[in-house]
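Work through the exercises below with the sequence and the model open beside you. Try each task before you read its solution.

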Amino acid sequence: MRMHPVVILFFVAFFQYIWGATGMLLSVPIVAALKATLHKVPPAYRNPILVFLEGDQSAPAKWKRWRETLRQEMSPPLD
């Protein structure tokens with residue numbers, strides 16, 4: 001799962017402010033879980049979040065390609 005290092009540091013600092021050392025430890029798993037659930041969010045909201053988390057303008061297109069390959073791998077063969 002790709003995330004920009006500055007975004008990770010931001011969330012570590014943010015959760016440290018909220019929960020202290022425990023927040024620092026839990027910050028990356030919380031943000032990773034948030035990113036993993038983005039398939040439930042409409043594209044109009046999902047795409048800016050992906051650009052923010054990954055720091056890459058092409059993140060929505062990469063995510064869409066990854067999602068399509070995942071669907072193809074999970075679908076049963078048509079034999």
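**Exercise 1: the nonpolar core**

Task: find which residues make up the largest nonpolar core, and which helix gives the most to this core.

Solution. The largest nonpolar core consists of six residues, namely M3, V7, F11, F15, V31 and L53. Helix α1 (residues 5-19) gives the most to this core, with three residues. A nonpolar core is here a set of buried Ala, Val, Leu, Ile, Met, Phe, Trp, Tyr and Cys residues joined through side-chain atoms within 4.5 Å, and buried means under 20% relative accessible area, while exposed means over 50% and partly exposed lies in between (1.4 Å probe, protein chains only). Helices (H or I, at least four residues) and strands (E, at least two) are DSSP runs, numbered from the N terminus. One member of the core can be followed further: V7 touches F52 and L53, if residues up to four places away in sequence are not counted, where a contact means heavy atoms within 4.5 Å. In soluble globular proteins, nonpolar side chains tend to be buried together.

Before going on, note that this is a predicted model, in which local features need pLDDT of at least 70 and side-chain atom pairs count only at pLDDT 80 or more, whereas totals for chains, interfaces and linings use all residues. Residues are numbered from 1 along each chain as its sequence is written, and side-chain values use heavy atoms, with hydrogens and water left out.

**Exercise 2: the chain as a whole**

Task: state how many helices and strands there are in the protein chain, and what radius of gyration the chain has.

Solution. Begin with the elements: the protein chain has four helices and zero strands, and from the N terminus on they run α-α-α-α. Next, take the overall dimensions: the radius of gyration is 15 Å, whereas a compact globule of 79 residues would have one near 12 Å. This radius is taken over C-alpha atoms, and the globule rule is 2.2 Å times the number of residues to the power 0.38. Along its principal axes, the C-alpha trace spans about 55 × 25 × 20 Å. Buried residues make up 24% of the 79 residues. Finally, consider confidence, using pLDDT, the predictor's confidence in each residue from 0 to 100: the chain mean is 91, and 96% of its residues reach 70 or more. Confidence is lowest in α4, at a mean of 89, and highest in α1, at 95.

**Exercise 3: the two sides of α1**

Task: decide which residues of α1 are buried, and which exposed residues lie on the face turned away from them.

Solution. First, check the length of the helix: α1 has 15 residues and reaches 21 Å from its first C-alpha to its last, close to the 21 Å expected at 1.5 Å a residue, where the expected span is 1.5 Å times one less than the number of residues. Second, list the buried residues of α1, which are V7, F11, V12 and F15. Seen down the axis of α1, these buried residues fall within an arc of 140°, so they line one face of the helix; the arc is that of the directions from the helix axis to the C-beta atoms. An α-helix has 3.6 residues a turn, so residues three or four places apart point the same way. Third, the buried residues of α1 pack against α2 and α3, while the face turned away from the buried side carries the exposed residues P5, V6, L9 and Y17. After α1 comes G20, whose phi is positive, near 75°.

**Exercise 4: the two sides of α4**

Task: which residues of α4 are buried, and what do they pack against?

Solution. Helix α4 (residues 59-74) has 16 residues and reaches 22 Å from its first C-alpha to its last, close to the 22 Å expected at 1.5 Å a residue. Its buried residues are A59, P60 and W63. Seen down the axis of α4, they fall within an arc of 90°, so they line one face of the helix. They pack against α3 (43-54), whereas K64, R65, Q72 and E73 are exposed on the other side of α4.

**Exercise 5: a lysine in α2**

Task: is K35 buried or exposed, and which residues is K35 in contact with?

Solution. K35 is found in helix α2, and K35 is buried, with a relative accessible area of 8%. Leaving aside neighbours within four places in sequence, K35 is in contact with M1, R2, M3, L50, L53 and E54.
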